[in-house]
Amino acid sequence: MPTGTSGQGPAGAAGPTPPGPGRQPWRAGDSFLAMWRELAPVGRHPESGGYRRYAWSAADLDCRAWFRAQAEARGLTYETDRNGNQWAWLGDPLAGDAVVTGSHLDSVPDGGAFDGPLGVVSSFAALDELHRRGAEFTRPLAITNFGDEEGARFGLACVGSRLAAGQLTVADAHRLRDADGTTLPAAMEAAGYDPGTIGPDPERLARIGAFVELHVEQGRALDLTGDPVGIASAIWPHGRWRFDFRGEANHAGTTRLADRRDPMLTYAETVLAARREAELTGALATFGKIAVEPNGVNAIPSLVRGWLDSRAADQATLDAVVTGVERAAREYAERAGIDLDVVRESFTPVVEFEHALRDELAKILEGGGDTGRPVPVLGTGAGHDAGILSASVPTAMLFVRNPTGISHSPAEHAAEDDCTAGVEALADVLEGLACS
Ligand code: GLV
Ligand code: MN
Ligand code: MN
């Protein structure tokens, strides 16, 4: 059982064990553990131990069914919004000034157990904790599961929250396709959701007074400070760019090297250029996904399509990195007779979380500001639905310590005691914001 702070392999990645003999009769973590255990097998690949919960897939629908069951088991009012995001309400959904918490349940390919689900499971567990405390709610409270946060299937992250916030047009959403050519509306329809309703949802967002997302940290800052929980300050600007290198398919066994127009070589040089540019500027640049045509062992490729993910602390640095990578790629392509197209597929500007809400969280977690040690405030290079919503709604994030910092991997991990501390911190925050 992963109660320690060392990293776990796939066997431990599903997380903490449920309550057992010899434990306290009730702790904030116990309802968390029971839910965690129930959700753990859903969409988990038996060999990699990683999660493949892609938007609108069977695994995603199982996660959604789990969310609905949790809502109904607690007598919450369950609904899906016009973009397929799930909501579980305590109090009147129409009253306004609601306190909303939640995260996402989808995953990257072979993702970890915690990225997303930690926030959703902790939200239900925090509500249970508030009931245990006998809290009296003065504002409506909702728990959410935002759809397609990772963008693993259709290439664009945070589709559910972007649509709601009007940061993705309906026309662009209709153009999203997965690797098999299935469009987003077709996938939604096949999953039993009506794609005809997707679009901006300003009335819903106007009913939210505060959104707080709890998330596993995707770095080691909290491990280094020795704190189980931190508060987010900002999200780096980031985006995804598609590089299409087109050459000429030919026989691998008969085409002289001098006669080849091999886009794989240009792609490889570009990957190295991305690394170089990132090192020069202190930014991040990653080619983590590639598609090759015709994808035959004995054929020179006709097309290599690579996706650049780049992030930096500020916009100017991000621009410099991406411009540098593109400039290098064009030089290499021209020299080798390769055609190159570069398309920006998504972009999220820098997010600075609202200072007033952030300060309020710090005050709550620090016991009024006059006791204990300050809660660390940290920035992140990872994208989140909270970042998207922050343009429309006062938004804050809590991070839970990740002892290795590993994320987007089956080895992603958080210790049981830290998950419990996260639930308690979220309960404190929700009590401070939504209760008398
Ligand atoms: C989402 O986790 C992202 O940062 O890409
Ligand atoms: Mn993620
Ligand atoms: Mn996430």
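Accessible areas here come from the Shrake-Rupley method with a 1.4 Å probe. Keep in mind that this is a predicted model.

**Figure 1. The whole chain, before we zoom in.** The accessible surface of the chain adds up to about 17800 Å², and 51% of that belongs to carbon and sulfur atoms. There are 14 helices and 15 strands to find your way around. The radius of gyration is 23 Å and the globule rule gives 22 Å for 436 residues, so the chain is as compact as a globular protein of that length. Measured out along its principal axes, the C-alpha trace spans about 75 × 45 × 45 Å. Of the 436 residues, 55% count as buried. Among contacts with a separation of 6 or more, 76% are between residues 24 or more positions apart.

**Figure 2. Inside the largest nonpolar core.** Nonpolar side chains tend to be buried together in soluble globular proteins. In this chain the largest nonpolar core has 56 residues, and the ones that touch the most other members are Phe 32, Trp 66, Phe 67, Leu 118, Phe 124, Leu 361 and Leu 398. Helix α14, which covers residues 416–434, gives the most to this core, with ten residues. Apart from this core lies another one, of 24 residues, including Trp 89, Val 100, Phe 211 and Met 397.

**Figure 3. Leu 118 and its neighbours.** Leaving out residues up to four places away in sequence, which residues does Leu 118 touch? The list runs Phe 32, Trp 36, Leu 214, His 215, Val 216, Val 400 and Cys 419. One of these, His 215, turns up again as a donor to the manganese ion (ligand 3).

**Figure 4. The manganese site.** Three residues coordinate the manganese ion (ligand 3): His 104 through NE2, Asp 115 through OD and His 215 through NE2, at 2.0 to 2.2 Å. Read along the sequence, the donor residues of this ion are spaced H-x10-D-x99-H. The manganese ion (ligand 2) sits 3.6 Å from the manganese ion (ligand 3), and Asp 115 coordinates both. His 104 and Asp 115 are in the loop between β3 (98–103) and α4, eleven residues apart. Are His 104 and Asp 115 buried or exposed? Both are buried.

**Figure 5. A salt bridge between helices α14 and α4.** Side chains of opposite charge can pair when their charged atoms come close. Asp 428 and Arg 133 form a salt bridge, with their closest N and O atoms 2.9 Å apart. Asp 428 belongs to helix α14 and Arg 133 to helix α4 (residues 117–133), so the pair ties together parts that are 295 residues apart in sequence. Asp 428 is partly exposed at 28% relative accessible area, and Arg 133 also counts as partly exposed, at 30%. Salt bridges that share partners put this pair into one network with Glu 129, Arg 132 and Glu 431. The count for the model comes to 26 salt bridges.

**Figure 6. Two further salt bridges.** Arg 204 and Asp 201 meet through their side chains at 3.2 Å, N to O. Arg 204 is buried, with a relative accessible area of 8%, and Asp 201 is buried too, at 10%. The other view has Arg 335 paired with Glu 269, the closest N and O atoms being 3.0 Å apart. This pair links distant parts of the chain, with Arg 335 in helix α11 (residues 315–336) and Glu 269 in helix α10 (residues 263–281), 66 residues apart. Arg 335 counts as exposed at 62% relative accessibility, whereas Glu 269 is partly exposed at 26%.

Methods:
Residues numbered from 1 in each chain as written. Chains lettered and ligands numbered in written order. Predicted model: local features only at pLDDT ≥ 70, side-chain atom pairs only at ≥ 80, totals over all residues. Heavy atoms only, no water. Core = buried A, V, L, I, M, F, W, Y, C linked by side-chain atoms within 4.5 Å. Buried < 20%, exposed > 50% of the residue type's maximum accessible area, 1.4 Å probe, protein only. Helix = DSSP H or I, 4+ residues; strand = E, 2+ residues; numbered from the N terminus. Contact = heavy atoms within 4.5 Å. Salt bridge = Lys/Arg side-chain N within 4 Å of Asp/Glu carboxyl O. Donors = N, O, S within 2.8 Å, 3.2 Å for Na, K, Ca; no water. Rg over C-alpha atoms; globule rule 2.2 N^0.38 Å.
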